[in-house]
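Let's walk through this model together, starting where the chains meet and then moving inward. Keep the structure open beside you as you read.

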Amino acid sequence: MASVTLNKIAKVYPNGFKAVHEIDFKINDGEFVVLVGPSGCAKSTLLRMVAGLESITGGELVIGDKVVNRLPPKERGAAMVFQNYALYPHMKVRDNLAFGLKLQGLPKPEVEARVNDAAKLLEIEPLLDRYPRQLSGGQSQRVAVGRAIVKKPQVFLFDEPLSNLDAKLRASMRVRITELHQQLKAAGQPCTVIYVTHDQVEAMTMGERICVLKEGRIQQFDTPSMLYNEPANTFVAGFIGSPEMNMLEARLTVSDSQASAALLGASTSFSSKGLPQLTDVTVTLGLRPENVLVNASDATGVMWLDSELSHIEYMGSEVFAYFKVAGTAITSRVPASQSGELASLKRGDRVRVGLELSHAHWFDAASGSNLKKQH
Amino acid sequence: MSAVASQESTRFDSSVDQYQIRRDRINSVIRYALLIAVGLVMLYPLIWLIGASFKTNAEIFTQVGFWPSKFELEPYVKGWKTSTEYTFTRYFANSFLIVIPRIIVTVISCVLVAYAFARFDFFGKKILFAIMVATMMLPQIVLRIPQYIMFQQFDMIDSYAPLVLPSAFATDTFFVFMLVQFLRGIPRDMEEAAQMDGCNSLQMLWYIIVPLLKPAIISVIVFQFIWTMNDFIGPLIYLSSVEKYPVSLALKLSIGATEEVEWNSVIAISVLALVPSVAVFFAAQRHFVDGVASTGLKG
């Protein structure tokens, strides 16, 4: 039970490489925050700095109301779950769970009670007398979580805990961890969680708020729906969502309530809500694949273009269709029930695609930041 | 038509199987015959030694074969008594008085030093490690004289201290090197987990590193046991009173007597002197295999 505040946290390695650039954010008490980004974005480094496994070279880290920059890991009240579990191979599951508590010098009955509680919560009671080498991946994962829970930490730190599991198990563990967070909250033992992952699905499904990082800088720190619907820049827009958002070059003019855009050899006009005044400026237009229509409808604000079909991916409930419009690739995502004659089309067939510009995101071509966000 | 064809093919298959089985069998006979032959050639000196230990003194030099004409236990009895005032019970005890303390201090000092080199960053670490490895190349003989003078000034000559004390300062650099290499192969995650669990450096060493290092530590124990048990030059230089002699020196003593050498007794005691080293090696063999298997710790 504690908030975590990062005040201009920075990390410079002895060789002069700056991995983390003055990061500022506050995680509220009991909140589930996900740090996400491509590999090398310093998300794990940041987590390890919070844990105390990596030194902090600048700024101030506050857990609860204490500045913990110089405190060793055990005094920070944090527990960590590692990517490859890091269970002690020479100890039984029971001793793995109890090890930290014994070191704290807790009385034996209390240690036993806590271990049993955690085992019950995670359904690992039958495994208590096994060695880590006798566990499957999912079981090891649960034991690793158990080792964190027994300590009743103020902050839980997860470092890509699901990346060693297969897809199916990952999905069920995802739900489990989220449920666990809710369960602990309901039991009056809310815990702050910082969860690191490179998987945007994990981030979107688990995080109450998500911090998107790139090269040691925060790109956007917001709720999942805000990240999806109002990405701060082209990086966030491209990183969140699958298939990736279409990024097209356009020239945009905005005056008063009317905006007009020229792209892919055509032009159209639409309502300029939220956009700043511009005159014929090169911008990047971002459009989610679900906003690219393939079935002619009379919806307003849709820009119809002639395209050539590249290929189709049939996903079961949805169809991903890849088109080429004036040499530019465009992806569309259509529910299978509405795909119509799409399934019968072949590569190279001509299709009319509609761009729903009312749902478009407009980014500055040079900086990549969202034009709406600038105001 | 097809039924005939399938019958044909099963007959063909079974004859191929027969042929394959016969060839495998012949191959393995040849393989084992060769291995046994080479093994015997290598073991022959040892077999001869054991055979000769039951022979009479005259038979050793007159008969070529290793099989004694009569099994005499007398060489063992006589050899054990020795021509000195002490029996080999005393000398074996002396040997263990050197070996056991030396192993204990070796393991403690080498593990501590290896832990420091493998897991901590400190000033001059690379240079110190290079120097340590370089001393491995130094012939022991170069160190004998300065070491002897040093222990003489400490007034430790004719005690076991010069044989045990150096090992307490991790001077067996080979072991340090071996442990460092082994430690480098162990992923750090577990130590980080232990750090999160609240271990300090020494607790981490004791609760996490030492259990993981067990196979390497057992190798250290076995090697140090065998090397110290067989060490001849060390005790020869530092020990002067016969009552403190270990087995290696006592064996030489029984050859160097003025009267005619009782070779059969010398050989009999040599056989007995081999027993502890061989026993320790076989007792630890399982853990060597363990050590190889446990390198892939990741779940």
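How many residue pairs are in polar contact between chain A and chain B? In this predicted model, the count is 8 residue pairs, with both residues at pLDDT 80 or more. On the side of chain A that touches chain B, the elements giving two or more residues are helix H1 (43–51), strand S6 (78–81) and helix H2 (93–104) of chain A. Sorted by class, that side of chain A has 14 nonpolar, 5 polar and 4 charged residues.

Now take in the whole contact. Chain A brings 23 residues to it and chain B brings 17 residues. Between them the two chains bury about 1,800 Å², and 64% of that area is on carbon and sulfur atoms. Charged pairs have a part here too: 2 salt bridges are found across the interface of chain A and chain B. For one to look at, try Lys151(A) with Asp197(B), a salt bridge whose closest N and O atoms are 2.7 Å apart.

Next, turn to the nonpolar cores. The largest has 93 residues, and the members that touch the most others are Phe25(A), Leu35(A), Leu46(A), Leu157(A), Ile194(A) and Leu179(B). Helix H4 (residues 88–119) of chain B supplies the largest share of this core, 13 residues. To get a feel for the packing, centre your view on Ile194(A): leaving aside residues up to four places away in sequence, Ile194(A) touches residues including Val4(A), Ile27(A), Val50(A), Val155(A) and Phe158(A). Apart from this largest core lies another, of 46 residues, with Ala79(A), Leu101(A), Val115(A) and Ala203(A) among them.

Notes
Residues numbered from 1 in each chain as written. Chains lettered and ligands numbered in written order. Predicted model: local features only at pLDDT ≥ 70, side-chain atom pairs only at ≥ 80, totals over all residues. Heavy atoms only, no water. Contact = heavy atoms within 4.5 Å. Buried area = accessible area lost by both parts, 1.4 Å probe. Salt bridge = Lys/Arg side-chain N within 4 Å of Asp/Glu carboxyl O. Polar contact = N/O pair within 3.5 Å; in protein donor to acceptor, adjacent residues only side chain to side chain. Helix = DSSP H or I, 4+ residues; strand = E, 2+ residues; numbered from the N terminus. Nonpolar A, V, L, I, M, F, W, Y, C, P; charged D, E, K, R; others polar. Core = buried A, V, L, I, M, F, W, Y, C linked by side-chain atoms within 4.5 Å. Buried < 20%, exposed > 50% of the residue type's maximum accessible area, 1.4 Å probe, protein only.
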